[in-house]
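Reader: I am a first-year student. Please take me closely through one part of this structure and show me how its pieces connect.

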Amino acid sequence: QVQLVESGGGLVQAGGSLRLSCAASGRTFSINSMGWFRQAPGKERELVATIRWSGVTTYYADSVKGRFTISRDNAKNTVYLQMNSLKPEDTAVYHCAARLGSSLTYNYWGQGTQVTVSS
């Protein structure tokens with residue numbers, strides 16, 4: 001099992017920045033990749049970014065490419081999402097998730113952290 005705890009959300013004005021953190025514990029040695037997802041009210045959950053637990057492979061949704069950066073610190077078992085040039089449409093609950101071993105799905109989730117961007 002893997003436990004995930006997010007932090008770093010909050011209220012920010014458009015154009016501002018926030019950094020989200022996701023601390024993993026438990027069977028972290030079995031993590032294959034980590035991802036950040038978001039869900040706004042009335043909308044479907046959206047994949048924002050992913051990063052391999054080893055190596056440098058990353059993925060970004062087109063909507064955040066060039067503004068958001070995903071990174072990790074394996075020594076701290078923590079994944080970060082640096083969000084710059086925030087827009088009101090980035091407002092959502094952000095969740096981190098883990099994919100273990102050979103699994104094709106993210107099946108371990110954090111509780112989420114609210115990000116609100118005011119115009």
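Author: Here is a close look at strand 4 and its surroundings.

Some ground rules come first. This is a predicted model, in which local features need pLDDT of at least 70, side-chain atom pairs count only at pLDDT 80 or more, and totals for chains, interfaces and linings use all residues. Residues are numbered from 1 along each chain as its sequence is written, and side-chain values use heavy atoms, with hydrogens and water left out.

Strand 4 covers residues 31-39. Strands here are DSSP runs of E with at least two residues, numbered from the N terminus. Of the 9 residues in strand 4, 8 are buried. Buried means under 20% relative accessible area, exposed means over 50%, and partly exposed lies in between, with a 1.4 Å probe and protein chains only.

Now the partners. Strand 4 runs antiparallel to strand 9, and 8 bridges join them. Two strands count as paired if DSSP finds at least two bridges between them. S33 has R99 of strand 9 as its bridge partner. Strand 4 also pairs with strand 5, again in the antiparallel sense, over 6 bridges. There, G35 stands opposite T50. Strands 4 and 5 form a hairpin, with 6 residues between them. G42 sits in that turn and has a positive phi of about 75°. In general, strands of a sheet pair through backbone hydrogen bonds.

Next, the rings. The whole structure holds 2 aromatic pairs. Rings of Phe, Tyr and Trp (its six-membered ring) pair if their centres lie within 6.5 Å; planes under 30 degrees apart are stacked, over 60 edge-to-face, and the rest tilted. F37 and Y106 make an edge-to-face pair, with 5.5 Å from centre to centre and 70° between the planes. F37 lies in strand 4 and Y106 in the loop between strand 9 (92-100) and strand 10 (108-109), so this pair ties together parts 69 residues apart in sequence. F37 is buried at 10% relative accessible area. Y106 is buried too, at 18%. F37 also pairs with W109: the ring centres are 4.7 Å apart and the planes stand at 55°, so this pair is tilted. It links F37 in strand 4 to W109 in strand 10, 72 residues apart. W109 is partly exposed, at 30%. Together, ring pairs link F37, Y106 and W109 into a cluster.

Charges sit over two of these rings. R45 lies over the face of F37, 5.6 Å from the ring centre. R99 lies over the face of Y106, at 5.7 Å. The test asks for NZ of Lys or CZ of Arg within 6 Å of the ring centre and within 35 degrees of the ring normal.

Last, the core. The largest nonpolar core has 32 residues. Such a core is a set of buried Ala, Val, Leu, Ile, Met, Phe, Trp, Tyr and Cys residues joined through side-chain atoms within 4.5 Å. M34 and W36 are among the members that touch the most others. Strand 4 is one of the elements that give two or more residues to this core. Strand 9 gives the largest share, 5 residues. Leaving out residues up to four places away in sequence, M34 touches residues including L4, C22, I51, A98 and Y106. Contact here means heavy atoms within 4.5 Å. Y106 therefore appears twice: it pairs with F37 and touches M34.

How values were computed. Helices (H or I, at least four residues) and strands (E, at least two) are DSSP runs, numbered from the N terminus.
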